[in-house]
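Let's take a walk through this fold, one helix at a time. Keep the viewer open as you read.

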Amino acid sequence: MTDQQRQLLLAFCGYAALRDLPIHELASRAAIDIDKVLNSANHSVSRDQVYQLIRFTADASGDQHFGMHFGESLQLGALGVVGEIIKSSTTVGEAIQVAASLTPLVTDLFTMEVRKDVDIAVRYCRTDSPADAIVEKFWLDFVLVFTVHELDGLLLRKVKPKSMTLRGALHDEYERVLRCRPERADQIEIVLDGSYWEESIITGNYEVQRELLAKVGMPAQPVESFQVKVMEFLTKNSYLGILTLEDVASNFMMTPRSIQRRLQEESTSFQQIADAVRKSLAIHYLQSGKYQLKEISYFLGYNELSAFSRAFKRWTGKAPNQYMA
């Protein structure tokens with residue numbers, strides 16, 4: 001049993017006790033000695049034993065949303081190292097991606113897939129691991145509420161989904177706990193406003209996160225600088241010409257001033273990045289041998305060939321035709 005699984009089991013038992021459920025008796029039915037789990041980090045409890053305890057406890061509670069209410073009450077610290085890794089993420093986007101990658105350390109019944117476009121879509125997929133309907137519903141409700149509530153206290157605002165789709169019955173309790181009225185669909189998905197993606201987490205600490213990821217045997221993700229993100233975005237969208245600062249700010253869901261401030265923190269500016277992209281694209285177009293100088297000048301947003309030639313010589317110290325294939 002891993003640290004996070006043990007911590008989660010103890011949190012589950014504590015929550016059941018708060019609900020006035022006979023947790024020692026229920027654990028005994030599942031052949032679990034709670035006192036040994038509490039007093040010994042090395043005491044082993046099997047997956048089947050945990051799932052039996054969940055089944056017995058949820059049934060005894062008479063609460064069809066026991067997993068959701070448990071998740072609502074849970075603090076990130078109850079997930080042990082997994083919770084600390086999420087808390088040390090620097091942005092919401094990173095925290096959600098980390099949570100998705102670490103989900104198998106918490107449950108083997110569901111995976112989380114994160115997709116970022118204009119908005120953030122988190123989809124939940126059932127694995128092939130066996131479990132009965134009560135246990136499956138417990139874990140689904142838990143991971144749903146975990147996604148929404150994991151960031152409470154880590155941001156200066158409360159996370160509220162834009163939309164949510166579920167299979168099966170749509171109870172009002174989902175809307176209360178998950179802060180969004182669900183709709184019925186084939187897929188299980190929560191959609192968050194894209195503006196959350198770059199929002200900073202107040203407890204973010206990459207160095208701590210790297211050490212914690214090593215502790216659970218997962219590689220740290222490289223931290224990509226903001227200027228690299230801007231440069232990649234400009235390059236990928238260069239078929240429209242070099243986008244303006246206002247265009248980039250709109251797509252990053254930030255203000256132009258915020259873009260400039262973030263870049264200034266990395267000792268650069270939007271103009272420097274835009275020029276670097278123009279230079280790289282110009283050399284690529286020239287060396288390909290497919291385009292005339294006037295076409296390249298137009299591609300890069302210059303109305304006059306002379307203006308492009310002056311800029312290119314400033315970048316490289318050479319005239320454009322010296323780079324042509």
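## The turn into H14

Ser267 sits in the loop that links H13 to H14. This is a predicted model, so treat the numbers here as computed from predicted coordinates. Is Ser267 buried or exposed? Its relative accessibility is 70%, so Ser267 counts as exposed. The backbone is worth a look too: phi of Ser267 is near 60°, a positive value in a residue other than glycine.

## H14 and what surrounds it

Next comes helix H14, which covers residues 270-288, 19 residues in total. From its first C-alpha to its last, H14 reaches 27 Å, close to the 27 Å expected at 1.5 Å a residue. Just past the end of H14, Gly289 has a positive phi of about 75°.

Which residues of H14 are buried? They are Phe270, Ile273, Ala274, Asp275, Val277, Arg278, Leu281, Ala282, Ile283, Tyr285 and Leu286. Asp275 and Arg278 are on that buried list along with residues such as Leu281 and Leu286. As for what covers the buried residues of H14, the cover includes helices H11 (226-236), H12 (245-251), H13 (256-265), H15 (293-299) and H16 (305-316).

## H11 against H14

Take H11 from that set of covering helices. The axes of H11 and H14 come within 10 Å and cross at roughly 45°, which makes H11 oblique to H14. The crossing of H11 past H14 is right-handed.

On the H11 side, the contact is made by Gln227, Val230, Met231, Leu234 and Thr235, and on the H14 side by Phe270, Ile273, Ala274, Ala276 and Val277. Sorted by class, the residues where H11 meets H14 come to 8 nonpolar and 2 polar, with no charged ones.

## H11 against H13

H11 also packs on H13. Here the axes come within 8 Å and cross at roughly 125°, and H11 and H13 are therefore oblique to each other. Phe226, Gln227 and Val230 of H11 make the contact with Ile259, Arg262 and Leu263 of H13. The residues in this contact of H11 with H13 split into 4 nonpolar, 1 polar and 1 charged.

If you're colouring residues as you go, Gln227 and Val230 are good ones to mark: they take part in the contact of H11 with H14 and in the contact of H11 with H13.

## Ser297 in H15

Another helix covering H14 is H15, and Ser297 lies in it. How accessible is Ser297? At 2% relative accessibility, Ser297 counts as buried. Leaving out residues up to four places away in sequence, Ser297 touches Tyr302, Glu304, Leu305 and Phe308.

For a sense of scale, try Ser297 and Leu213: they are 84 residues apart in sequence, and their C-alpha atoms are 47 Å apart in space.

## H1 beside H4

Now jump to helix H1 (residues 3-18). H1 and H4 pack at an angle of about 15°, with their axes 12 Å apart. That makes H1 roughly parallel to H4, and the crossing of H1 and H4 is left-handed.

Leu9, Phe12, Cys13 and Ala16 in H1 meet Leu53, Ile54 and Thr57 in H4. By class, the contact of H1 with H4 has 6 nonpolar residues, 1 polar and no charged.

## The loop before H4

Where does His43 lie? His43 is in the loop between helix H3 (34-39) and helix H4 (47-61). With 24% relative accessibility, His43 counts as partly exposed. Pick Thr244 as a distant partner: the C-alpha atoms of His43 and Thr244 are separated by 59 Å, and the two residues are 201 residues apart along the chain.

## H7 and Arg179

Helix H7 (residues 92-102) has 9 of its 11 residues buried, so H7 is largely enclosed by the rest of the structure. The buried residues in H7 are Val92, Gly93, Glu94, Ala95, Ile96, Val98, Ala99, Ala100 and Leu102.

One last backbone stop is Arg179, in the loop between helix H9 (172-178) and strand E4 (183-184). Arg179 has a positive phi of about 65°, although Arg179 is not a glycine.

How values were computed:
Residues are numbered from 1 along each chain as its sequence is written. This is a predicted model: local features need pLDDT of at least 70, side-chain atom pairs count only at pLDDT 80 or more; totals for chains, interfaces and linings use all residues. Side-chain values use heavy atoms; hydrogens and water are left out. Helices (H or I, at least four residues) and strands (E, at least two) are DSSP runs, numbered from the N terminus. The expected span of a helix is 1.5 Å times one less than its number of residues. Buried means under 20% relative accessible area, exposed over 50%, partly exposed in between (1.4 Å probe, protein chains only). Contact means heavy atoms within 4.5 Å. Axes are lines fitted to C-alpha atoms, for helices over the stretch in contact, and angles run from 0 to 180 degrees between N-to-C directions. Angles under 35 degrees count as roughly parallel, over 145 as roughly antiparallel, 65 to 115 as roughly perpendicular and the rest as oblique. A crossing is left-handed if the near helix is turned anticlockwise from the far one by less than a right angle, and right-handed if clockwise. Ala, Val, Leu, Ile, Met, Phe, Trp, Tyr, Cys and Pro count as nonpolar, Asp, Glu, Lys and Arg as charged, and the others, Gly among them, as polar.
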